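Trainee: I should like to understand the reasoning behind the terms applied to this structure. May I ask about them one at a time?

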Amino acid sequence: MSTRLVPALDLGWLFLETRDTPNHVGALMIFEPPASAGPTYMRDLTDHLRSIDTLVQPWNLHLREGPMSGLVPMLDTSGKPDMEYHVRRLALPQPGGERELGELVSRLHANALDLRRPMWESHVIEGLDGNRFALFVKIHHVLIDGVAGMRMFQRAMSPTPGEIRPAPWAYVDPSRSRGKKKAAKAPVTEAPVPTRRGLVMKSVANLYPMLMPRARRVPDLVTAFSAPSTVLNGRITAQRRLSTQRYPLARLKRVADAAKVSVNDVVLAICGAGLRRLLAEAGELPEKRSLNTCIPISVRAADEISVGTAISFGFADLATNESDPLVRLERVHASTRALKEQVSALPRTTVGAFSLAVMGPYALQQALGLAGRTRPMFNVVISNVPGPPEHLYLFGARLDAMYPASVLYHGQALNITCVRYGEDLNFGYTAWRDALPHVQRISVYCAHALAELERALELPAAV
């Protein structure tokens, strides 16, 4: 048994956990069984995922119970896991299409995790049309962020159908096992170490315009609390809706290259266009002020996997008050460029303080019950998580698509997260059911927005 304190930057994921705002993230994965799969394949797969005696971190961590646990949360590894509880087998009603899968996963994602057990669940879902099956995994945000989660699944799955690796919650990467010699690091030329006063002054200089825009004007930089109040920014309950969409990454790259912007700028622009149309149809679109987005920014090293989260945050313009698709894209690009300049100017050692300073007011709103009742800090979260560029296999089954499901809070009824897998970019739209009962419409409208950009840039129509 071992225990550890929850890191300060991760405490918010626990303190903001309520009945209406469960704080877990999820991944919906669609698989195609191997051609050799027999009638017992799904049972054999479930047995394989359950045949675990010892879980590896972070899959073995749960909250330690005790008289001070509410004030000083501790993560514990004690106890033997009940694998029939953690790995469950379900089946879809016929015809087993996207609608039936979406309804089931929406209900699964709405249910909070039992934090007294290892804080994750996995659902094997059979009966999907085309002889496919799905795997929906959810894990508490205090244990992992999106980037680390993608890396864990990437390493636990195999690049070939013939290699059967242990389940993700039991897989130990051989390159990280004890006794393996570490590769020699290339010599690094040491830069002068800045003084503490220098670090503080540099951090304040970069935080100041983001949090207090009137004190120092930075062109195109989107600031906290500049967002208009919309139907997306009220109080929420636990009911969720999940919609998905998939685009060939090459389409977004062609648009980005033609417009001389980044792929992430294209993602934000089509999301802004989708939101514009969705809110306009409901008569809820602010005409003068644009919606903005909070963008999680990973600060993990290129090969880092560790317990907890390693993300910072910033804000960007979605230009929802702009009808011209190219002008909208340019406004998005200008705001993300300004954000990158602010964040890149921060010393690496102050990123944690930066995250606390930027999101501290947001957490305070949530803790005091003001979120969803006062002016929103931002309108929506949109994130882009890098995923595996090669195709992967689990128990011989080919992973066809991977869609993220994320967290929602009071004042934030929609989260859009996209993940690269293979040659595609996979979008997951997580919404509060009452605010967006037809959340699938935004995925359709985003597809229309991408085609609109292609026409405006005179690019060949997608096949």
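**Terms and their grounds**

Mentor: Let us begin with the cysteines: the count of disulfides in this predicted model comes to 0. C271 takes part in none, and the nearest cysteine sulfur, that of C446, is 4.5 Å away.

Trainee: How do you know that C271 and C446 are not in a disulfide?

Mentor: A disulfide requires two cysteine sulfur atoms within 2.5 Å. The sulfur of C446 is 4.5 Å from that of C271, so the pair does not meet the limit of 2.5 Å.

Trainee: Why is C418 not bonded to C271?

Mentor: The two sulfurs are 7.1 Å apart, which is too far for a bond, and C271 holds the closest cysteine sulfur to C418.

Trainee: Why is C271 called buried?

Mentor: Buried means under 20% relative accessible area. C271 has 0%, so the term applies. C418, at 1%, is buried on the grounds of that value.

Trainee: What makes strand β14 largely enclosed?

Mentor: Strand β14 covers residues 414–421, and 7 of its 8 residues are buried, so the rest of the structure largely encloses the strand. For the chain of 463 residues, 52% count as buried.

Trainee: How do you know that β14 pairs with β11 and with β15?

Mentor: Pairing calls for at least two bridges between the strands. β11 and β14 run parallel and are joined by 5 bridges; V381, for instance, has N415 in β14 as its bridge partner. β14 and β15 (residues 424–432) run antiparallel and are joined by 8 bridges. Both pairs therefore satisfy the requirement of at least two.

Trainee: Which residue takes a positive phi in the hairpin of β14 and β15?

Mentor: G422 does, with a phi near 60°, and the hairpin has 2 residues between its strands. Y421 stands opposite D424 in β15.

Trainee: What makes β1 and β3 edge strands?

Mentor: They belong to an open sheet of 3 strands in the order β1-β4-β3, with antiparallel pairing. β1 (3–5) and β3 (62–63) each pair on one side only, and they are the edge strands. Between β3 and β4 (residues 74–76) there are 2 bridges; in one of these strands, β4, L75 is the bridge partner of L63.

Trainee: Why is the contact between R246 and D400 called a salt bridge?

Mentor: The term requires a side-chain nitrogen of Lys or Arg within 4 Å of a carboxyl oxygen of Asp or Glu. The N to O distance for R246 and D400 is 3.7 Å, so the pair qualifies under the limit of 4 Å. R246 lies in strand β8 and D400 in strand β13, so this pair ties together parts that are 154 residues apart in sequence.

Trainee: Which residues are joined with R246 and D400 into one network?

Mentor: D400 also forms a salt bridge with R398, at 3.7 Å from N to O. Salt bridges with shared partners join R246, R398, D400 and D424 into one network. The count of salt bridges comes to 14, among them that of R117 with D114, at 3.5 Å.

Trainee: Why is L370 called partly exposed?

Mentor: Partly exposed lies between the 20% limit for buried and the 50% limit for exposed. L370 has 37% relative accessibility, so the term fits. L370 is placed in the loop between α10 and β11, and together with L364 and L368 forms a nonpolar surface patch of about 290 Å² accessible area.

How values were computed: Residues are numbered from 1 along each chain as its sequence is written. This is a predicted model: local features need pLDDT of at least 70, side-chain atom pairs count only at pLDDT 80 or more; totals for chains, interfaces and linings use all residues. Side-chain values use heavy atoms; hydrogens and water are left out. Patches are made of residues with over 30% relative accessible area and no salt bridge: like charges are joined within 9 Å, nonpolar side chains (Val, Leu, Ile, Met, Phe, Trp, Tyr) within 5 Å. Accessible areas come from the Shrake-Rupley method with a 1.4 Å probe; for residues, only the protein chains shown count as cover. Helices (H or I, at least four residues) and strands (E, at least two) are DSSP runs, numbered from the N terminus. Buried means under 20% relative accessible area, exposed over 50%, partly exposed in between (1.4 Å probe, protein chains only).
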